[in-house]
Amino acid sequence: MAEKSDYQQTLQLPKTDFPMRANLPQREPDMLARWESEHYYERLQEEGLAENRPTFILHDGPPYANGHIHIGTALNKILKDFVLRSRSMDGYRVPYVPGWDTHGLPTELKAIKDLGMDRDKISIAEFREKCASYTKDYMAIQRDEFKRLGVWGEWDNPYLTLAPEYEAKQIELFGLMAEKEYIYRDLKPVYWCSDCETALAEAEIEYHDHRSPSIYVAFAVNDGKGLLEDGKSHLVIWTTTPWTIPANLAIALHPFHTYVEIQTSRGRLVVAEELQQAFLEDVGLASDDVQVLQRFKGSELEGITCQHPLYDRESLVIVGDHVTLEAGTGCVHTAPGHGQEDYIVGLKYNLPIFAPVDQYGRFTEEAQQYAGLPLEEGNKAVTKDLDAAGALLSLSFVEHSYPHCWRCKEPVIFRATEQWFVSIDGFRKPMLDAIKEVQWIPGWGIERITNMVSERGDWCISRQRNWGVPIPIVYCEDCGEPVITKETIKGISAIFREQGSNAWYQLEAEELLPEGFVCPHCKTSRSFRKETDIMDVWFDSGVSHAAVLQQRDNLAWPCDLYLEGSDQHRGWFQSSLSTSMAAYGQAPYRAVLTHGFVVDGDGRKMSKSLGNSVEPNVVMKKYGADILRLWVASAEYRGDIRISEDILKQLAEAYRRIRNTARFILGNLSDFAPDDHRVPYDDLEELDQWALHKLYQLSQRVRDAYAKYDFHVVYHSIHHFCAVDLGGFYLDVLKDRLYCDGQDDIRRRSAQTTMAAILEELVQLVAPVLAFTAEEIWSHMPGTRQQESVHMSRWQVLPPEYGNPELASKWERMLAVRRAVSKALEDARNAKDIGSSNAAKLVIEADEATISVLQSFGSRLEMLFIVSGVQLVPGSDLTVKVLAAAGSKCERCWKYSESVGTHSEHPQLCERCSSVLS
């Protein structure tokens, strides 16, 4: 007879080397090293080629290589990795070429600052070489940080926008656009950053609140055309940019709005009738003292001239549909050199494009008395002089949304300069048509980019900087005309492909052109000078679809997916679409997926001033990359994504639930050899068949979620399966069978067969998200596998018999009763009526249909409810009574049974346990 203490040794308790503690920060780097040393990514691609798998191409949007990665770039790269790993397991070949945007002002300014360069003491070519070295250093830093996230890709062969082959393709595409006459040069107002000393595109503008002066100014009528009295009537304008008054050449009215001339204590003033009351309140004039003298349609006043209040010149009254009645007076101050709408309406009236401001944001000599003044001081000086001239009716200050430079965050101005543009009108309609053929995820993306493309102006692509791809245009020294031909483009592209774009600064213009090249305009000159502007960085990244997808044998154009933040509707998505439509007449992508921005736990934007930034490297050192990956999967990323220490702690708990589920299964498979012990489906216990049905449902739901990029559904489905279906029921009720039945009992092998099937499917389903943990589980699973890495495997096809809705319906009715049982047992424990649930007997009263279902489970009810007795009583409403179980406690399985003491060899054991030991 065994001693009481020996009976534990007879149980089949879990045994596994799979550690309880994940220790991810230490374990993950070792796994990364193995992936890299054994070339898993490369082997995966080779297998895909050998098996002729269909390709799925996700084209990487290039981040700037000028600092460490942040939580937003980590989110982006992890999302891409989810897509690629899930598509790989779905049977696709998924080559991934990461890229970096290496040019542009952010890098240029950081290089100057961090390297301590004196820009004036080195040549442009030397400066560019230092910028290249600087950005390559940070590219290497970011590459290691991205790899640490568990992202697979061609890290040793990424694409860089500074690579000679990339720049050469960029020149070719520019040439195609020029050939179609989409590239032109013009004097027109563009966004200008005085701090960065360069023009900006719309995609480089951010809007922030800004405090500006708000002034009302009276322009005296010079020639009223018999409608307004010369010298006595005044048109009133309103502006928040007093510094633009020196550039005023006209006053615009809406042709169909009604304007009134009113007699006030400040004279006879003309304003829009609808804005009269608001205007009077703003300038502090009592409406009781105002008399309306006459009314006009705006079109009637067209051609009247006013005297400029600061200069000896006239301001013409013009009309335009752009005039609104949202604010001001309806009489719009018009300076064609400082506003897009002013410029457009000015063209209709042949007004000069006058902008007396230089690249540093200072007035030029053309501004006369204001020459040399910075614009902020100019605001004050102009306002003071208007007041002295008697033209200033009111001065106040307003807080309003104002355009700022995305790089330096300083306010920008509109300033007319000679720039190179892409004519969006030349291919706007084809762009809008192409947008309809693309899948936009989420669906509102199509409306957003459609509106942006519909409303955008021409694209200013020239920048007055040095670190970038030169605009490949030369000018004839004799006739001054710009030269861009197929010949010149072909030659420059070939030189860049061989030497890189620094050749532009190292060679003379004539050396960049075909030998003996003659100006196609004057037909005689062989002397040329080079364009000094570089291309907008959005043009650089916007041609990546051609420079990368079309030049790499393992990729394809167009690609299947672009995946970036939602701000890229006005950025990379649009610049890529523009260059692709202009050059090739087709969108470069089949689908576009966007994600939101990362905010803190309270929903606030992250900023250094708030001290609420979360650094991915810090998170990985504390929790590991898999927790960061789980955070990405847990969020509905199409909106803003919250992160905080509390959120990470919650996810660490969820991770432990998933990990411990796998560990429990592995521990209970320690003596299971699949080839020897697997039980056929038809011989499995019904409970196990139910578990496989739940697995079948999970597999379908999760795979569908991966296909639809619904990664939060993946996370919540898997977590619920582990916490509720498995941990909350199935694995809990299996313990008695697993621990106490005989080692080779078919009921125990049935449970092990089912758990092995669950774990094999579960580890594959979770692998795209928990890349490291899934690999660790895979290496501990019983049996032999064809693939040494879970990430090189493909999703298995589950047997169709696993899906059993009829069986599931029966079990759901039982589980509904079980929930009532669990509550009754909890109440009994709280009342100290029982200790363990095994000490309880249940009396369940229910309607006939429920009783019939429960009776079909027979003696299994005790196992399913984890009690030692169940009595079923026909009745009406479901009630559960908890009584003390009859018999004595078995010292091996801890169930209560009247059979305890009836076996002479093992008197402390129940009949089942005695039989097992015998």
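1. Disulfides. This predicted model holds zero disulfides. Cys476 takes part in none, and the nearest cysteine sulfur, that of Cys479, is 3.6 Å away. The cut-off for a disulfide is a sulfur pair within 2.5 Å. Cys476 counts as buried because its relative accessibility is 1%. Cys722 is also buried, with a relative accessible area of 0%.

2. Main nonpolar core. The largest nonpolar core has 159 residues. Trp631, Leu687, Ile718, Phe729, Tyr730 and Met814 have the most contacts inside this core. Helix α23, residues 711-740, gives the most to the core, with 15 residues. In soluble globular proteins, nonpolar side chains tend to be buried together.

3. Surroundings of Trp631. Setting aside neighbours within four places in sequence, Trp631 is in contact with Ile71, Leu75 and Val598. The remaining contacts of Trp631 are Ile641, Arg642, Ile643, Ile647, Leu648 and Leu651.

4. Second core. A separate core of 79 residues is also present. Among its members are Cys405, Val537, Ala546 and Phe573.

5. Helix α6. This helix covers residues 164-179, 16 residues in total. At 1.5 Å a residue the expected span is 22 Å, and the end C-alpha atoms are 22 Å apart, so the two values agree. The buried residues in α6 are Tyr166, Glu167, Ala168, Lys169, Gln170, Ile171, Leu173, Phe174, Gly175, Met177 and Ala178. That list includes the charged residues Glu167 and Lys169. After α6 comes Glu181, whose phi is positive, near 65 degrees.

6. Ser462. This residue lies in strand β19, residues 462-463. Ser462 counts as buried because its relative accessibility is 0%. Its side chain makes a polar contact with the side chain of Gln419 at 2.5 Å. The side chain of Ser462 also reaches the backbone nitrogen of Trp420, at 2.9 Å. Not counting residues up to four places away in sequence, Ser462 touches Ala199, Gln419, Trp420, Ile471, Asp533 and Ile534. Gln419 and Trp420 thus appear both in the polar pairs and in the contact list.

7. Four-stranded sheet. The strands of an open sheet are ordered β1-β24-β25-β17, with parallel pairing. Strands β1 (58-59) and β17 (439-441) stand at the edges; each has a single partner strand, so one side of each is left without a neighbour in the sheet. Within the sheet, β24 (residues 559-565) and β25 (residues 589-595) run parallel and are joined by six bridges. Gly565 stands opposite His595 in β25.

8. Pro189. This proline is found in strand β4, residues 183-193. Pro189 counts as buried because its relative accessibility is 2%. Leaving out residues up to four places away in sequence, Pro189 touches Pro336, Gly337, His338, Gly339, Gln340 and Tyr343. Phe414, Arg415 and Ala416 are also touched by Pro189. Between Pro189 and His545 the C-alpha to C-alpha distance is 30 Å, with a separation of 356 residues in sequence.

Key: Residues are numbered from 1 along each chain as its sequence is written. This is a predicted model: local features need pLDDT of at least 70, side-chain atom pairs count only at pLDDT 80 or more; totals for chains, interfaces and linings use all residues. Side-chain values use heavy atoms; hydrogens and water are left out. A nonpolar core is a set of buried Ala, Val, Leu, Ile, Met, Phe, Trp, Tyr and Cys residues joined through side-chain atoms within 4.5 Å. Buried means under 20% relative accessible area, exposed over 50%, partly exposed in between (1.4 Å probe, protein chains only). Helices (H or I, at least four residues) and strands (E, at least two) are DSSP runs, numbered from the N terminus. Contact means heavy atoms within 4.5 Å. The expected span of a helix is 1.5 Å times one less than its number of residues. A polar contact is a pair of N or O atoms within 3.5 Å; within protein, one must be able to donate a hydrogen and the other to accept it, and residues adjacent in sequence count only if both atoms are side-chain atoms. Two strands pair if DSSP finds at least two bridges between them.
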